[in-house]
Amino acid sequence: METTSLKIADLNFSKEVTNYYPEILTDEALDFIVALHEKFNAQRLSLLEKRKELQKYFDKGNLPEFPSETKTIREGDWKAGEIPEDLQDRRVEITGPVDRKMIINALNSGARTFMADLEDSTAPSWKNVMEGQRNLIDANKKTISLTDAKRGKSYQLNEETAVLLVRPRGLHLNEKHLLVDDQQMSGSLVDFGLYVFHNTKTMLENNTAPYFYLPKLEHYLEARWWNEVFNFAQDYLEIPKGTFKATVLVETITASFQLDEIIYELKDHIVGLNCGRWDYIFSYIKKFRNHKDFVVPNRDQVTMTSPFMDAYSKLVIQHCHKRGILAIGGMAAQIPIKNNDRANAAAIEKVRKDKEREVMNGHDGTWVAHPALVEVAMTEFNKHMPQANQLDVSRDDVQITEKDLVEIPKGTVTEAGIRKNINVGILYMEAWLRGYGAVALYNLMEDAATAEISRTQLWQWLKNEVVLEDGRKFNMELYIDIFDDEVEKILTEYGESNIKKNTRFELAFKLFDKLAISERFEEFLTLPAYKYL
Ligand SMILES: CC(=O)SCCNC(=O)CCNC(=O)[C@H](O)C(C)(C)COP(=O)(O)OP(=O)(O)OC[C@H]1O[C@@H](n2cnc3c(N)ncnc32)[C@H](O)[C@@H]1OP(=O)(O)O
Ligand SMILES: O=CC(=O)O
Ligand SMILES: [Mg+2]
């Protein structure tokens, strides 16, 4: 086997590690993830370099194009591989971090599938990542349980549970606690590797298999990398190629220009694409941040009906169905509102409308962020999609051009929008630094993707000195005034001494400010923040 010829280098733990999780990090599991590292990490780093090269091209004012070198793939008549029985009907998918209670609640929620998330909604602390792996092993063995003594509540799995999918970290994130030859390992490879190593056998015995969501792909070569990772792992574990299945998130603007290519690269493993709307908006702003006159309005004015978002989601449906895979929708930000029936009904209605739009457009399923939203999404999909999926809906009526995909949304930038971005961004970063990757803020779900929009907008508006709706220019002087005022409000609300003792606000203020004003744009907010996790 290919692996036997590999020299397994020494793996070291970083100095911060005190808990070695011996049941997860067995010698055999470590050998496997080191083998993945040796085979694929250099390629990962070179793919990340390619992203930088492409950014230089965009910075000159260029826009993405459908690649010329892959025209034959786009025009060819081919289909992706089979969709397994338990992934044929994915009308409602719940997502959430790999926290033990959340996993049980999500699996019991009545949703068809559950995406256990080591990405946007998990702050990847050593504890979260390792305990997440432990929770996933117990979930697959169906032994997962929990007792909350304080609340007198106990949790275990129902007879019927959602089908499990796992989202490993994106290619940009390292796992700083695990070093091979002093090089940090890849978060993607650690999450993926430990999961397949510990769960494949159990899952196959249970008539399912390791299923993945692959996040933040920017190029079809990244899809090729994942395909090779899958093939290598399947050979190593001595299981047939094509056993693992992937759903790729289309959540970068460049991926939209390469849908067929991404499906083609993964064609023996791919079963779907998903419209990761929040990262998509982030990516759109990020990639064109240095374009002259490129201004995206307040975050809440960019919606799925903004022309560029509508175009992309329809293009995803069209391409998926042409290639025989599922087109899954995205996440409405609303979550249930406690103690206010009227406001709650309004939030649920927004979610209902979002799901109605998705199913009517031809999506085969959708995401919800909370168990209490399963019902509304399920009702909407059942109503308009009585069959398992809509693979037969071609959407050939839709003609999307390169121009449609980048059309700048219309709207305004306001002081309220600036304040909201600062406030929500700081609150989110503070929670993340304490180990929480998803939080409820102002009755909306916030995670890494939504926070990225907030800080990128600020950076871009400042860089462009955008003219606000009231005619003022958003320059450094105005930014400092507003930022200081927002910090003051937080200090007053939480109390200065409490802030010092019990929170990570002081660091969040500094990090967020730096992200918004530094000359060099940070590719991901989690990269500088990870040093402190
Ligand atoms: C852009 C993207 O990437 S979207 C995908 C990634 N983001 C996510 O997956 C976010 C998922 N959602 C969440 O994490 C949560 O809903 C939050 C953090 C926003 C709110 O969580 P909470 O503050 O706990 O909400 P709330 O108090 O209403 O929860 C009620 C119950 O539902 C559970 N719950 C809430 N959301 C979820 C979820 N997504 N999965 C499973 N259980 C959940 C809670 O654990 C709680 O359980 P309990 O009653 O047994 O204690
Ligand atoms: O991962 C999903 C997104 O919207 O981002
Ligand atoms: Mg995302």
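**Helix 11, domain contacts, ligand shells and strand pairing**

Asn-382 and Lys-383 are exposed on one side of helix 11, the other side from its buried residues. The model described here is predicted. The buried residues of helix 11, which spans residues 374–384, are Val-376, Ala-377, Glu-380 and Phe-381. These four residues lie on the same side of helix 11 because they cover an arc of only 125 degrees around the axis. In general, an α-helix has 3.6 residues a turn, so residues three or four places apart point the same way. The buried residues of helix 11 pack against strand 2, helix 10 (341–361) and strand 13 (365–368).

The domain assignment divides the protein into domain 1, residues 20–404, and domain 2, residues 412–530. A distance of 26 Å separates the C-alpha centres of domain 1 and domain 2. In the contact between the domains, 28 residues of domain 1 meet 34 residues of domain 2. Helix 8 (residues 277–287) contributes six residues to the side of domain 1 that touches domain 2, the largest share. By class, that side of domain 1 consists of 15 nonpolar, seven polar and six charged residues.

Ligand 1 is surrounded by 24 residues, of which the closest are Gly-96, Asn-105, Asp-120, Ser-121 and Ala-438. Both domains take part in this shell, since domain 1 and domain 2 each give at least three residues to the surroundings of ligand 1. At least two residues of the shell come from each of strand 2 (92–97), helix 3 (100–107), strand 14 (438–441) and strand 15 (444–447). The shell around ligand 1 comprises 15 nonpolar, five polar and four charged residues.

Two of the elements that supply the shell of ligand 1, strand 14 and strand 15, also pair with each other, in the antiparallel sense and over four bridges. Ala-438, one of the closest residues to ligand 1, has Asp-447 of strand 15 as its bridge partner. Strand 14 and strand 15 form a hairpin with two residues between the strands, in which Tyr-442 takes a positive phi near 55 degrees.

The shell around ligand 2 consists of Asp-120, Leu-249, Glu-251, Gly-276, Arg-277, Trp-278, Asp-279, Gly-330, Met-331 and Ala-449. Two or more residues of this shell are given by each of helix 8 and strand 12 (326–331). Helix 8 provides three residues, the largest share of the shell around ligand 2. Helix 8 likewise provides the largest share of the side of domain 1 that touches domain 2. The classes represented around ligand 2 are four nonpolar, two polar and four charged residues. Asp-120 is listed in the shell of ligand 2 and is also among the closest residues to ligand 1.

Strand 12 is mostly covered, with six of its six residues buried. Strand 12 pairs in the parallel sense with strand 11 (residues 270–275) over three bridges, and Gly-272 has Leu-326 of strand 12 as its bridge partner. Strand 12 also runs parallel to strand 13, to which two bridges join it. Met-331, a member of the shell around ligand 2, is the bridge partner of Trp-367 in strand 13.

A further set of pairings involves strand 7 (residues 174–180), which pairs with strand 1 (residues 11–13) in the antiparallel sense over three bridges. In this pairing, Phe-13 stands opposite Leu-178 of strand 7. Four bridges join strand 7 to strand 8 (residues 183–186), again with an antiparallel course, and Asn-174 stands opposite Ser-186 of strand 8. The hairpin of strand 7 and strand 8 has two residues between the strands, and Asp-181 takes a positive phi near 50 degrees there.

Most residues other than glycine have a negative phi. Positive values occur nevertheless in two loop residues. Glu-238, which is not a glycine, has a positive phi near 55 degrees and lies in the loop between helix 6 (220–236) and strand 10 (245–250). Glu-238 counts as exposed because 8 C-beta neighbours lie inside 10 Å. Asn-339, also a residue other than glycine, has a positive phi of about 60 degrees and belongs to the loop between strand 12 and helix 10. With 6 other C-beta atoms within 10 Å, Asn-339 is exposed.

Technical notes: Residues numbered from 1 in each chain as written. Chains lettered and ligands numbered in written order. Predicted model: local features only at pLDDT ≥ 70, side-chain atom pairs only at ≥ 80, totals over all residues. Domains from an automatic or database assignment. Contact = placed C-beta atoms within 7 Å. Nonpolar A, V, L, I, M, F, W, Y, C, P; charged D, E, K, R; others polar. Near = placed C-beta within 6 Å. Pairing = 2+ DSSP bridges. Buried ≥ 20, exposed ≤ 12 C-beta atoms within 10 Å, placed from the backbone. Arc of directions from axis to C-beta.
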